[in-house]
Every structure is written in C-alpha cells, then in structure tokens.
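I opened this model to jot down what I could look up about its fold, its contacts and its odd spots. My notes follow the structure.

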Amino acid sequence: MTLPMTNKEYHKGYVFSSACIGMLLFGIVMISLGSVLPEVTEKFQLNEAKAGFLLTLLPMGILTGSLVFGPLVDWLSYKRILIAGSLLTLFGLEGIVFSTSLSLLHIAVFCTGLGGGILNGITNAMVSEISEEDHGANLSLLGVFFGIGALGTPVVLGLMKGLYSFETIFAWLGALIIFPILFFSLIRFPKSCQAMKLPLKEGLKMARDPMLLLFGFILFFQSGIEGLTNNWTTTYLETVKETKASSALFILSSFVAALTITRIALGKILRILNPLKVMRFSYVIAIVGCLLLLQGESYLMLISGMIAVGIGMASGFPVILGFIGQLYTQFSGTAFSIVITIALIGNVIANYLMGQVSLYHGIGVFPYFILIAVFAVFLLLFITKKKYNSKIN
C-alpha cells in the first residue's frame, strides 16, 4: 500500500505507521493481564473473587477509553490523544510490575485498559481520516497489527519466562513504549475538527442517528462473537469435546491467526469487491465454522471450524468502521467512539449471558450463541444495505 506525502502538511506513511504501532500496543494490552495473571495472583495472594475483580478492571478501562477518546480527539488533536493513550498504557504496564499494594494494582490495571481503549479508537479514526478511498481495506491492514501484538506477547513471555521474572519482562515491555511516544511527538498528524469546546451537543445528536446506531449494533454482535470465542472456546473444547488443554489452546490460537491472516488478504480484496458482499460471504464461512464446532469430534474438524470462524469474523470491524469514516467526516472521532463503545458493551453482555445460560444448560450452548449472533448480523446487514445506499445517493 502506497501512502505518499500530501498537501495537507502530514505524511500519510508516517501517520499510518503510527496507527499500526498504536494498534500493536492495544493488542499487547488485551493479552497482557491474562498472560501474567498466575504470577500476579501469587504475588498479591489473590483469591478467586479478587482475581475476578482484577479481570473486570481491564475491560472497564477499555470501555471508558473508547467512550472518551472521540470527543477528545474532535476537541483537541490526534497527536495529543495518541500520546496520552500511550502514556497511560506505559503507566499501567509499569504499575502492574511495581505496585506495592492492591489499590495501586487496581489503578494500574484500569489505566492499562484506559490507554488501550484510547489507542484502539484513535488508531481506527486516524486511518479512516487519511484514507480518501479504500477505508475498509486500510482498516483491515491496521487490524493485522492487533493480531501481531495479541499473538506475539504470549510467545515472547513464554520464551523469556525461564530467563527472567515477569516483573523484569513487563518493566522492559513498558519501557519500550517510550520509543513510539518519541516517534509520535516528532511527526505531524491530520488536523481534527478542532472545536473550541467539547462537541457534546453534536455527540448527543449523533448518538440518536439511526444509521450510526445500526452500524453500532452490527459491531455489538460482532464484538460479542469475538469475546465469546476468546473467553469460552477452550472451556467448551475441554468440557464438551474432551480435548486436551494444550490442544484447546492451540485451536484457540488458530482463530486469532486466521483472523490476522485474513485481514492481510482483505487489504487487497476490499479494494476490488463490494465490502457488504464480502462481509455477507464471510459470515457464511463463520456459520460453517460454528457447525463444525457443534458437530465435529476430531481434532481436524474442530481446528477447521475455529479457522473458519476466524476467517468469517475478519471483515466485520474494517468494513463497518470504513463506512463510518466515509459518512461521518466532520466529527469522525465522536462517531467512532459511539460505535466502538456499543461494540464493547456487546462483548460484555454476550459473556455475561453466556455465563448465566451455561449455569443451567451447560457449556454446550456456546456454538448456538455464536450462530444466533451471526444471524442477527445477517438481518442487520440487509437493513444496512438499503439505508446506506439511500444515504450516499
């Protein structure tokens, strides 16, 4: 992808690179706490309830960051908010290492999530801003770097755990964020709306926009599917399919790998094919994957099912966020903030409902939850096609 210098006083290549770095940091944030939870639990002598509360602080921080980044970007600037999100992530990761009390640990975990939520939102908004066309394709390439961060962190931790303590590894990991911050401070970014005050009135008006809400609820179910897959797959495979723990983890990793590789391909595909058609076809593949998870008994069928689900989920966020970037140019940060917040709420609700239903009907309902969410997206996509065409014509 070529992103040359423009007459807008910023270099597209540098801005796109900074967005990719920010998204990679978000990938690290999403996997960081889970990767070292056993060590943190032992260090602070946490029981199950306290460890569970700790795990809720990260998504709470991400949700808060997703909610506030948009209005702040439209009020201030991409550079300031991007650096702020990176600093919060740096503070959070270092805080997990150096906290001497449970209260400080709670603040550190929340700040890690807060910084991650800001980075996730602002990087998507930046790439949409610099994409005069092919929004979905460029956002798909951006999503690849989330996969690199999420996949790479456990690998690095696994390789280094035998040599260094988790405190040393995380201390260096946090310190490395200084280099992206320096890079961000040296380059120019697109100018945001630069309102004289926070665009709260405009944000409230946009929150009632039927088209934007429709996009938000598509990502509500998309995010719910991804959350369910990340959190419940291994339990389902071990309990229902009687898969070994190591095999279940590898099957789950195949989902993230399939999602990441497919987004690389979508960087080309979405430039030549209709994004909505691509998304509908992707969800057909996801349905096939769910059926394989439901009916499959062999290792080959189960991993094929998980790969199919990963392929099917890859197009959702890039396509929908691409549409938003095209339609809501004046307060794009606020628009992204609204839909990403709705998406994260979907993630939380899906996991809560899954937990409640599984208490009474068992973990075997997991594939059915994904199928219901996929069919809900199908219905919303048909409504979206009509409304989107009428809005751009």
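Before I start on loops: helices here are DSSP runs of H or I with at least four residues, strands are runs of E with at least two, and the numbering goes from the N terminus. I also keep in mind that this is a predicted model.

**Entry 1: a loop residue with an odd phi**

I went to Gln45, which sits in the loop between helix 1 (12-44) and helix 2 (48-75). Its phi is near 55°, a positive value in a residue other than glycine. I noted that because most residues other than glycine have a negative phi. Is Gln45 buried or exposed? I get 62% relative accessibility, so Gln45 counts as exposed.

Glu242 went on the list for a similar reason: its phi is positive, about 55°, although Glu242 is not a glycine. I find Glu242 in the loop between helix 9 and helix 10. With 69% relative accessibility, Glu242 counts as exposed.

**Entry 2: the overall fold**

How many helices and strands does the chain have? I count 15 helices and 0 strands. The C-alpha trace spans about 55 × 50 × 35 Å along its principal axes.

I then checked the radius of gyration. A compact globule of 393 residues would have one near 21 Å, and the chain comes in at 20 Å, which agrees. Of those 393 residues, 55% count as buried. As for what faces outward, the chain exposes about 17600 Å², and carbon and sulfur atoms supply 69% of that.

I looked at contacts along the chain too. Taking those with a separation of 6 or more, 83% come from residues 24 or more positions apart.

**Entry 3: charged pairs and cysteines**

How many salt bridges does the structure hold? I find 1 salt bridge. The partners are Lys241 and Glu297, with their closest N and O atoms 3.5 Å apart. Lys241 lies in the loop between helix 9 (210-239) and helix 10 (245-272), and Glu297 in the loop between helix 11 (275-295) and helix 12 (299-313), so the pair ties together parts that are 56 residues apart in sequence. Side chains of opposite charge can pair when their charged atoms come close.

I compared the accessibility of the two partners. Lys241 is buried, with a relative accessible area of 10%, whereas Glu297 counts as exposed at 56%.

Next I checked for disulfides, and the count comes to 0. I looked at two cysteines while I was there. Cys20 counts as buried at 5% relative accessibility, and Cys290 counts as buried at 1%.

**Entry 4: helix 4 and Gly116**

Helix 4 covers residues 102-130. I tried the length check: at 1.5 Å a residue, its 29 residues should span 42 Å, and its end C-alpha atoms are 42 Å apart, which agrees. I then asked how many residues of helix 4 are buried. The tally is 22 of the 29, so helix 4 is largely enclosed by the rest of the structure.

Gly116 is in helix 4. At 0% relative accessibility, Gly116 counts as buried. Which residues does Gly116 contact, leaving aside neighbours within four places in sequence? I find Phe26, Val29 and Thr89. I also looked up Ala314, 198 residues from Gly116 along the chain, and their C-alpha atoms are separated by 20 Å.

**Entry 5: Ser86 in helix 3**

Ser86 belongs to helix 3 (residues 78-98). I get 0% relative accessibility for Ser86, so this serine counts as buried. What surrounds Ser86, apart from its neighbours within four places in sequence? Its contacts are Leu25, Leu119, Ile177, Ile181 and Phe184.

**Entry 6: Ile340 in helix 14**

My last stop was Ile340, which lies in helix 14 (residues 332-361). Ile340 counts as buried, at 3% relative accessibility. Leaving aside neighbours within four places in sequence, Ile340 is in contact with Ser66, Phe69, Asn120, Gly121 and Leu321. I also looked up the spacing to Phe215, which is 125 residues away along the chain: the two C-alpha atoms are separated by 9.8 Å.

Key:
Residues numbered from 1 in each chain as written. Predicted model: local features only at pLDDT ≥ 70, side-chain atom pairs only at ≥ 80, totals over all residues. Heavy atoms only, no water. Salt bridge = Lys/Arg side-chain N within 4 Å of Asp/Glu carboxyl O. Buried < 20%, exposed > 50% of the residue type's maximum accessible area, 1.4 Å probe, protein only. Contact = heavy atoms within 4.5 Å. Disulfide = S-S within 2.5 Å. Rg over C-alpha atoms; globule rule 2.2 N^0.38 Å. Areas by Shrake-Rupley, 256 points an atom, 1.4 Å probe, with all protein chains shown as cover. Expected span 1.5 Å × (residues − 1).
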